[in-house]
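Please open the model in your viewer and keep the selection panel at hand, as this tour goes from one selection to the next.

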Amino acid sequence: MTEITELQFKKDDLATRRIATREAPPIGDGEILAKVDRFAFTANNVTYGVVGERIGYWKFFPVVDAQARQAAAAPADPTAVGEAAPPAPEPAAPQTNQEWGIIPVWGFADVVQSNHPDVAVGERLYGYWPTASHVVMSPDKVKPTRLVDGAAHRAELPPVYNSYARVAGEAGYDPAMDDERMTLYPLYATSYCLYDFCKDNNWFGAKQVIIPSASSKTAIGTAYAFGDDPQAPRVIGVTSARNESAVLALKLYDDVVRYEEMEARIDAGIPTLIIDMSGSGPVVGRLHRHLGDNMRYTSNVGITHYDAGGMGDGFIKDRSAMFFAPGHIQKRASDWGPGVFERKAFEFWRQAAFRSRNWLTIKTGAGANAVEAAVEEVYKGETPANVGWVVGF
Ligand SMILES: NC(=O)c1ccc[n+]([C@@H]2O[C@H](COP(=O)([O-])OP(=O)(O)OC[C@H]3O[C@@H](n4cnc5c(N)ncnc54)[C@H](OP(=O)(O)O)[C@@H]3O)[C@@H](O)[C@H]2O)c1
C-alpha cells in the first residue's frame, strides 16, 4: 500500500503547519495515482495560501477529514449475509477539513498507478500539484501533449490550473530545464501576461512604470518583457534595503529605489503605471499620494508583503484593479484561439529562463523536513532574491 505524505497549512495562520501521512486510497475506474517528484516554492505559493479562501486555492487539494476517510474506507459487515442482511452502507463521501488546507505548487509528477486506458504508468506530467507526495487524478480530454484533471471538485476552478503537460509528447522537451520550468514558468508566464495586458492598453498613457517588490521573480520577468520592447515605458524597480544589491546586480531596471526613498527619488510629474507585486497597503498608498493624478493605473498583481496587506491611506481605488493571469490567458484564448498565447508565453519563458541563468541559483531538498524548511524560509521572506527552491517528499 502506498503512503501519502502531505504538508498541511492552517488556513487562517500559514505559520502553523503539520506533516500528515495516510494510506493512498484505491484508485477507481479512469483514475490515476501520480507521485509528485519535485516542485518549486516561492512567494507566489505563500500568496495562494493568503488568498486561498477569497480566490479558491484551497479547493484544488482539500484535506480529507481522517474520520470521514475511515468511514468511507470501512468495508460492509462481512457477517451480514442472506435475505435478512441489511444493504451494505454507501461509503460516506469524504469530508473536506475546513481548518486545514494544502497549498498548490508547480512541478513534475510521475504516474505510478493507472486505471485510465490512455495514461500509462511511468508518464511524466508538468503542472499544478499539492505540497504532498502523491495525488489521485481523473484524466480527461487526454491529447498527445496535454490532459486535464477532470475531478469533480476542480470543475469550477480556472482551466489553466487543471491542465497538465504530458512532457514525453512535447516537441523539444528538455529535462535539463525542469528546475527552471517549475520555478520560473508560472511566474514569467504571468510577466508576459502583464506585458501583453499593459501594451494592449497602450501602457495606460504612462511614461514610467513602477514595480514594487522588484526582487520577486514575477517582477524580474516583467522587467525583461518591458525592457525588450523599445516602445515600452522605462521601468523603476522598488525594493527593500535587504534586496537592493541583488536587484542592482541584475542591471535590468532603469532605476532601483528603496521603499524608504520612494518620494525623494520618484518623479511625480510623470504619468505612471504601477505594477504592484508587494500588496503592501503602506507602500501603494504612499505611491498613490505621491503621484496623485499622474498615477494612471495600478495593477494589483501580488501580495509578497502579506503581513502589510489591505488598502493604504490615499489608495486610489477607481484606477486600480486586481490582475489575475489565468483570466488574461482565458481572454487571449478567446481572442486568438486556444494555445496561441500559451505558445508565445512558453517561448518568452524559455528565453527569459536562459537569461536568468546568470543570477538565479536553484537550491534543492528532498524529504518532508526539507520541504518544511524551504517553506518556512520562503514564508518568512528569508530566501535571498537570487535563490529559488525546488523540493520534493
Ligand atoms: N495575480 C497573478 O495572477 C499572479 C501570478 C503570479 C504571481 N503573482 C504574485 O507575484 C508575487 C511575486 O511572486 P514570486 O513567486 O515572483 O516571488 P519571489 O520571487 O518569491 O519574491 C520574493 C520577494 O518578495 C518579497 N518578500 C517575500 N516574502 C516577504 C516577506 N515575508 N516580507 C516582506 N517581503 C517579502 C521580497 O521582495 P522585496 O524585498 O523586493 O519587496 C522578496 O525578495 C506573489 O505575491 C505572487 O502571488 C500573481
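Begin with the place where the two domains meet, bearing in mind throughout that this is a predicted model: 22 residues of domain 1 are in contact with 18 residues of domain 2. To see the domain 1 side of this meeting, select β3 (32–41), α1, β5 (104–114), α4 (159–162) and β18 (387–392), each of which supplies at least two of the residues that touch domain 2. Among these elements, α1 gives the most to that side, with 5 residues. Colouring that side of domain 1 by class will give you 15 nonpolar, 6 polar and 1 charged residue.

Now colour the domains themselves, taking 3–62 + 97–173 + 364–392 as domain 1 and 181–327 as domain 2. If you place a marker at the centre of each, taken over C-alpha atoms, the two markers will be 29 Å apart.

Next, show the ligand and select the residues that surround it, of which there are 28, the closest being Thr42, Thr47, Ser216, Gly302 and Gly381. The elements that give two or more residues to this shell are α1 (43–50), α5 and α6 (217–227), and α1 gives the most, with 3 residues. By class, the shell is made up of 10 nonpolar, 16 polar and 2 charged residues. Where does the shell lie with respect to domain 1 and domain 2? Both domains give residues to the shell around the ligand, so it lies between them.

Hide the ligand and turn to the largest nonpolar core, which has 97 residues; the members that touch the most others are Ala34, Phe39, Phe41, Tyr188, Val209, Ile211 and Ala223. Helix α5 (residues 178–200) gives the most to this core, with 11 residues. Since domain 1 and domain 2 both give residues to the core, it too lies between them. Centre the view on Tyr188, which, leaving aside its neighbours within four places in sequence, is in contact with Gly221, Phe348, Trp349 and Ala352.

From there, select helix α7 (residues 241–250), in which Asn243, Glu244, Val247 and Leu250 are buried. If you look down the axis of α7, these buried residues fall within an arc of 130 degrees, so they line one face of the helix. This pattern can be read against the geometry of helices in general: an α-helix has 3.6 residues a turn, so residues three or four places apart point the same way. The buried residues of α7 pack against α6, β12 (234–239) and β13 (255–258). Following α7 is Lys251, whose phi is positive, near 50 degrees.

A second helix to select is α9 (residues 281–291), whose buried residues are Val283, Val284, Arg286, Leu287, His288 and Leu291. Show β11 (208–212), α8 (262–265), β14 (272–276) and β15 (295–300) alongside, as these are the elements against which the buried residues of α9 pack. After α9 comes Gly292, with a positive phi, near 55 degrees.

For the last stop, select Asp13, which is found in strand β2 (residues 13–23). Is Asp13 buried or exposed? Asp13 has 10 other C-beta atoms within 10 Å, and a residue counts as exposed at 12 or fewer, so Asp13 is exposed. To finish, draw a C-alpha to C-alpha distance from Asp13 to Gly281, which will read 20 Å in space, although the two residues are 268 residues apart in sequence.

Terms used:
Residues numbered from 1 in each chain as written. Predicted model: local features only at pLDDT ≥ 70, side-chain atom pairs only at ≥ 80, totals over all residues. Core = buried A, V, L, I, M, F, W, Y, C linked by C-beta atoms within 7 Å. Buried ≥ 20, exposed ≤ 12 C-beta atoms within 10 Å, placed from the backbone. Helix = DSSP H or I, 4+ residues; strand = E, 2+ residues; numbered from the N terminus. Domains from an automatic or database assignment. Contact = placed C-beta atoms within 7 Å. Near = placed C-beta within 6 Å. Nonpolar A, V, L, I, M, F, W, Y, C, P; charged D, E, K, R; others polar. Arc of directions from axis to C-beta.
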